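I opened this model to look up its burial, its helices and the way they pack. My entries follow in the order in which I made them.

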Amino acid sequence: MDHASPEQIDIETVRTRLVQQLKQIERDVPAIDVAATIERTHIRRRRAKAALDRLDAGIYGLCCQCNLSVEPEVLHFDPSAPFCNDCQSEVDLRRRNA
Ligand SMILES: [Zn+2]
(Lines give C-alpha, C1' and ligand atoms only; values in the text may rest on other atoms or scores of the structure.)
Protein backbone atom coordinates (compact mmCIF):
# COMPACT_ATOMS: atom_id res chain seq x y z
CA MET A 1 0.00 0.00 0.00
CA ASP A 2 1.25 3.50 -0.84
CA HIS A 3 2.22 5.74 1.99
CA ALA A 4 0.99 9.30 1.51
CA SER A 5 3.18 12.29 2.20
CA PRO A 6 2.05 14.42 5.17
CA GLU A 7 1.44 17.40 2.80
CA GLN A 8 -1.62 15.54 1.51
CA ILE A 9 -3.25 15.87 4.93
CA ASP A 10 -5.63 18.78 5.46
CA ILE A 11 -4.50 19.76 8.96
CA GLU A 12 -7.49 21.97 9.76
CA THR A 13 -10.01 19.32 8.66
CA VAL A 14 -8.19 16.75 10.77
CA ARG A 15 -8.07 19.10 13.76
CA THR A 16 -11.81 19.76 13.43
CA ARG A 17 -12.54 16.02 13.21
CA LEU A 18 -10.37 15.23 16.24
CA VAL A 19 -12.08 17.94 18.31
CA GLN A 20 -15.49 16.61 17.15
CA GLN A 21 -14.36 13.10 18.02
CA LEU A 22 -13.44 14.22 21.54
CA LYS A 23 -16.85 15.92 21.93
CA GLN A 24 -18.60 12.81 20.61
CA ILE A 25 -16.67 10.67 23.09
CA GLU A 26 -17.86 12.91 25.94
CA ARG A 27 -21.49 12.35 24.83
CA ASP A 28 -21.14 8.69 23.88
CA VAL A 29 -21.45 6.73 27.13
CA PRO A 30 -23.42 3.52 26.59
CA ALA A 31 -24.24 1.63 29.78
CA ILE A 32 -23.85 -1.93 28.44
CA ASP A 33 -20.58 -2.71 30.16
CA VAL A 34 -19.61 0.28 32.22
CA ALA A 35 -16.08 -0.87 33.07
CA ALA A 36 -15.25 -1.80 29.48
CA THR A 37 -16.84 1.40 28.23
CA ILE A 38 -14.81 3.50 30.64
CA GLU A 39 -11.64 1.70 29.56
CA ARG A 40 -12.42 2.13 25.85
CA THR A 41 -13.38 5.77 26.38
CA HIS A 42 -10.10 6.33 28.21
CA ILE A 43 -8.14 4.79 25.32
CA ARG A 44 -10.07 6.78 22.69
CA ARG A 45 -9.55 10.02 24.62
CA ARG A 46 -5.84 9.29 24.99
CA ARG A 47 -5.53 8.46 21.27
CA ALA A 48 -7.41 11.62 20.20
CA LYS A 49 -5.40 13.83 22.55
CA ALA A 50 -2.14 12.23 21.43
CA ALA A 51 -3.15 12.87 17.80
CA LEU A 52 -3.82 16.55 18.62
CA ASP A 53 -0.38 16.69 20.28
CA ARG A 54 1.21 15.18 17.14
CA LEU A 55 -0.69 17.77 15.06
CA ASP A 56 0.70 20.60 17.21
CA ALA A 57 4.19 19.07 17.04
CA GLY A 58 4.00 18.92 13.23
CA ILE A 59 4.38 15.14 13.11
CA TYR A 60 0.73 14.23 12.53
CA GLY A 61 0.27 11.46 9.96
CA LEU A 62 3.57 9.78 10.73
CA CYS A 63 3.39 6.29 12.18
CA CYS A 64 4.40 6.28 15.88
CA GLN A 65 6.34 3.04 15.35
CA CYS A 66 8.10 3.22 11.95
CA ASN A 67 7.85 6.98 11.21
CA LEU A 68 6.51 6.32 7.70
CA SER A 69 3.28 8.04 6.69
CA VAL A 70 0.05 6.49 7.91
CA GLU A 71 -2.16 5.60 4.94
CA PRO A 72 -4.71 8.37 4.17
CA GLU A 73 -7.62 5.90 4.28
CA VAL A 74 -6.55 4.84 7.78
CA LEU A 75 -6.54 8.48 8.93
CA HIS A 76 -9.83 9.09 7.12
CA PHE A 77 -11.42 6.17 8.97
CA ASP A 78 -9.89 7.22 12.31
CA PRO A 79 -8.02 10.54 12.48
CA SER A 80 -6.52 9.46 15.81
CA ALA A 81 -4.89 6.31 14.34
CA PRO A 82 -1.27 6.20 15.63
CA PHE A 83 0.08 3.46 13.34
CA CYS A 84 0.32 2.59 9.65
CA ASN A 85 -1.41 -0.63 8.52
CA ASP A 86 1.75 -2.75 8.82
CA CYS A 87 2.59 -1.58 12.34
CA GLN A 88 -1.05 -1.81 13.46
CA SER A 89 -1.06 -5.44 12.29
CA GLU A 90 2.08 -6.12 14.35
CA VAL A 91 0.54 -4.43 17.40
CA ASP A 92 -2.67 -6.47 16.99
CA LEU A 93 -0.65 -9.68 16.64
CA ARG A 94 1.40 -8.90 19.78
CA ARG A 95 -1.80 -8.11 21.69
CA ARG A 96 -3.41 -11.39 20.60
CA ASN A 97 -0.32 -13.35 21.64
CA ALA A 98 0.10 -11.55 24.97
ZN1 LIG B 1 4.35 2.02 10.80
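**Burial and core**

I began with burial, and found that 15% of the 98 residues in the chain are buried (20 or more other C-beta atoms within 10 Å of the residue's own, against 12 or fewer for exposed and partly exposed in between, with C-beta atoms placed from the backbone). I noted that the model is predicted, that local features need pLDDT of at least 70 and side-chain atom pairs pLDDT 80 or more, while totals for chains, interfaces and linings use all residues. Residues are numbered from 1 along each chain as its sequence is written.

I then looked up the largest nonpolar core (buried Ala, Val, Leu, Ile, Met, Phe, Trp, Tyr and Cys residues joined through C-beta atoms within 7 Å), which has five residues: Cys63, Val70, Val74, Leu75 and Cys84. Leaving aside neighbours within four places in sequence, Val70 is in contact (C-beta atoms, placed from the backbone, within 7 Å) with Gly61, Leu62, Cys63, Leu75, Ala81, Phe83 and Cys84.

**Helices**

I read off four helices and zero strands (DSSP runs numbered from the N terminus, H or I of at least four residues for helices, E of at least two for strands). Helix H1 (residues 11-27) and helix H2 (residues 34-57) pack at about 155°, with axes 10 Å apart (lines fitted to C-alpha atoms over the stretch in contact, angles running from 0 to 180 degrees between N-to-C directions). H1 is therefore roughly antiparallel to H2 (over 145 degrees). Among the residues that meet there are Leu18 and Leu22 in H1, and Ala48 and Leu52 in H2.

Finally I checked H4, where the count of buried residues among its 13 residues is zero.

How values were computed. Two residues are in contact if their C-beta atoms, placed from the backbone, lie within 7 Å. Angles under 35 degrees count as roughly parallel, over 145 as roughly antiparallel, 65 to 115 as roughly perpendicular and the rest as oblique.
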